[in-house]
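Reader: Could you walk me through the side-chain contacts in this model? I would love a close look at one part, with the rest filled in around it.

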Amino acid sequence: MAEVGTEESSRAAVNKAGFVHERAVPDVIALPPRSAADLWRGHVVNPNYFEVASLSSEETAAFEARYLARVAELLNEPDAFDLPVMYVYARKPG
């Protein structure tokens, strides 16, 4: 899968895939803040963060404490959990 974080990279990715780039529209998905504990539970079971499973129980506890403290700080920052996205519109040639 190609990274399409900019209009230029989205154009290159769809052209490489044989499509005609129409437009790229940047946007933001505003996620409501959740509790630090909820975010930790989601993080620790997420298969994209498999490294967490390789930690010892002591390392996991230390990581969890640092994670919860940092997320608690971020919960007070507006837009801290917003996700920038790029909607890419393309069509088949012809």
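Does D38 count as buried, exposed or partly exposed, and what is its relative accessibility?

Author: Happy to take a look with you, bearing in mind that this is a predicted model. D38 has a relative accessibility of 31%, so it counts as partly exposed, since buried would require under 20% and exposed over 50%. Its side chain meets that of R41 in a salt bridge, with 2.3 Å from N to O. The two residues sit in helix α2, which covers residues 36-45, and because they are 3 residues apart, about one helical turn separates them. R41 is partly exposed too, at 48% relative accessibility.

That salt bridge is one of 4 in the count. Another joins E73 and R70, whose closest N and O atoms are 2.9 Å apart. These partners belong to helix α3 (residues 57-74), and their spacing of 3 residues puts about one helical turn between them. E73 is partly exposed at 46% relative accessibility, and R70 is partly exposed at 42%. A further one pairs R11 with E7, with 3.4 Å between the closest N and O atoms. Here both residues lie in helix α1, which spans residues 7-16, and they are 4 residues apart, about one turn of the helix. R11 has 36% relative accessibility and counts as partly exposed; E7, at 37%, counts as partly exposed as well.

Back in helix α2, the aromatic side chains are worth following. The structure holds 3 aromatic pairs. One of them is W40 with Y67, an edge-to-face pair with 5.1 Å from centre to centre and 65° between the planes. Because W40 lies in helix α2 and Y67 in helix α3, this pair ties together parts that are 27 residues apart in sequence. Both W40 and Y67 are buried. Y67 also pairs with F63: the ring centres are 6.1 Å apart and the planes stand at 70°, so this pair is edge-to-face. F63 and Y67 share helix α3, 4 residues apart, or about one turn of the helix. With a relative accessible area of 23%, F63 is partly exposed, whereas Y67 is buried at 16%. Taken together, ring pairs link W40, F63 and Y67 into a cluster.

There is also a contact between a charge and a ring: R23 lies over the face of Y89, at 4.1 Å from the ring centre.

To return to your residue, D38 is a partly exposed partner in a salt bridge with R41, and helix α2, which holds that pair, also contains W40, whose ring pairs with Y67 of helix α3.

Notes. Residues numbered from 1 in each chain as written. Predicted model: local features only at pLDDT ≥ 70, side-chain atom pairs only at ≥ 80, totals over all residues. Heavy atoms only, no water. Buried < 20%, exposed > 50% of the residue type's maximum accessible area, 1.4 Å probe, protein only. Phe/Tyr/Trp six-rings, centres within 6.5 Å; stacked < 30°, edge-to-face > 60°. Lys NZ or Arg CZ within 6 Å of the ring centre and 35° of its normal.
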